[in-house]
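Colleague: Please take a close look at one part of this model, the open sheet, and go through what pairs with what, what packs on the sheet and which core goes with it.

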Amino acid sequence: MIAVLMGGNSAEREVSLNSGEAVYQALKSQQINCFKFDWNGDNLEDLWSQHFDLAFIVLHGRGGEDGVIQQLLEDRNITYTGSNASASANGMDKHLCKNIWQSENLPLAPSILANKDSTTPTIDFPLPWAVKPVSEGSSIGISKVTSLDQLDNALTLAQHYDNKTLIEQWIEGEEYTVAILDGEALPVIKIVADQDFYNYESKYLSNSTQYLCPCGLTEQQEKQLQAIALKAFQAIKATGWGRVDFILDEHNSPFLLEINTVPGMTSHSLVPMAAKAAGITFEQLVKKVIHAAQK
């Protein structure tokens, strides 16, 4: 029996419910015994009272992608999909993740950490900047700062979601993403957003955001991105499946943006899109994620 863990109480709850429903339907269509569980943050006793052998985690954001639910499952010796608790925590904390990637000499934009109750440190890299909560996903709370007088408002928005904020040099360029499935990189997708950047609205609400696969890069460039994505994935000790996001500047030089250890599985989501380009149906993708967890 498989429990599809969805919902949660993060800012990404609605996306998670959509992801969970899609996974649940894919399992049911293959006659796999499963049930949906909407975790609201304090009803876990209801989950533990049910018999299941494996948890398919599609909880996005805090509680589901940061190692919390993973640790609770580990404590009960229950198999689950995706990365373990420590790797999940590494991936969710953007500052910690960047430090790990920096130690592996992976390509990164300069950044600094700002704490809510401390003086903002001196920023020694040029405008524009991206200001983002350290532990939030789906581009929630992110601002583009083009002048110094916008910084306070951007910090206030980010700090609504997190006490720690990452201020990062904004790299102008094209966005790409690489899905990882069971140790292999899937075809690269180029994202052409209808907003100034690929924000929450572009990701989940807009019908005019374009996803290009083939992505338009040369074979060599695509292989380079896939290799960096795999290295970034392995650096934080992620396993199973995930997604690594990039920006390529005007010279096609790649910069890592972030990693998702519990990617979306909605109709707008990128891992199912990349899987399809590799000849993998949504139902097969769901089974492959489970198979990777059972290894």
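Modeller: This is a predicted model. I start with strand β3, residues 54-57, which is joined to β4 by two bridges, the two strands running parallel. Within this pair, leucine 54 stands opposite threonine 79 of β4. Two helices come next. Helix α1, residues 13-29, packs on the sheet and touches β1 (2-7), β2 and β3. The direction of α1 makes about 155 degrees with that of β1. Helix α10, residues 282-294, also packs on the sheet, where it touches β1, β3 and β4; the angle between its direction and that of β3 is about 125 degrees.

The sheet as a whole is open and has four strands with parallel pairing, in the order β2-β1-β3-β4. Its edges are β2 (34-39) and β4 (79-80), each of which pairs on one side only.

As for the core, the largest nonpolar one has 30 residues, and Val23, Leu27, Phe56, Leu285 and Val286 have the most contacts inside it. At least two residues of this core come from each of β1, α1, β3, β9 (174-181), β11 (189-192), α9 (270-277) and α10. Leucine 27 can be followed individually: leaving out residues up to four places away in sequence, it touches Ile2, Val4, Ile32, Cys34, Val286 and Ile290. Another core, of 25 residues, lies apart from the largest one; among its members are Val188, Ala229, Ala235 and Val244.

Terms used: Residues numbered from 1 in each chain as written. Predicted model: local features only at pLDDT ≥ 70, side-chain atom pairs only at ≥ 80, totals over all residues. Heavy atoms only, no water. Pairing = 2+ DSSP bridges. Contact = heavy atoms within 4.5 Å. Axes fitted to C-alpha atoms, helices over the stretch in contact; angles between N-to-C directions. Core = buried A, V, L, I, M, F, W, Y, C linked by side-chain atoms within 4.5 Å. Buried < 20%, exposed > 50% of the residue type's maximum accessible area, 1.4 Å probe, protein only.
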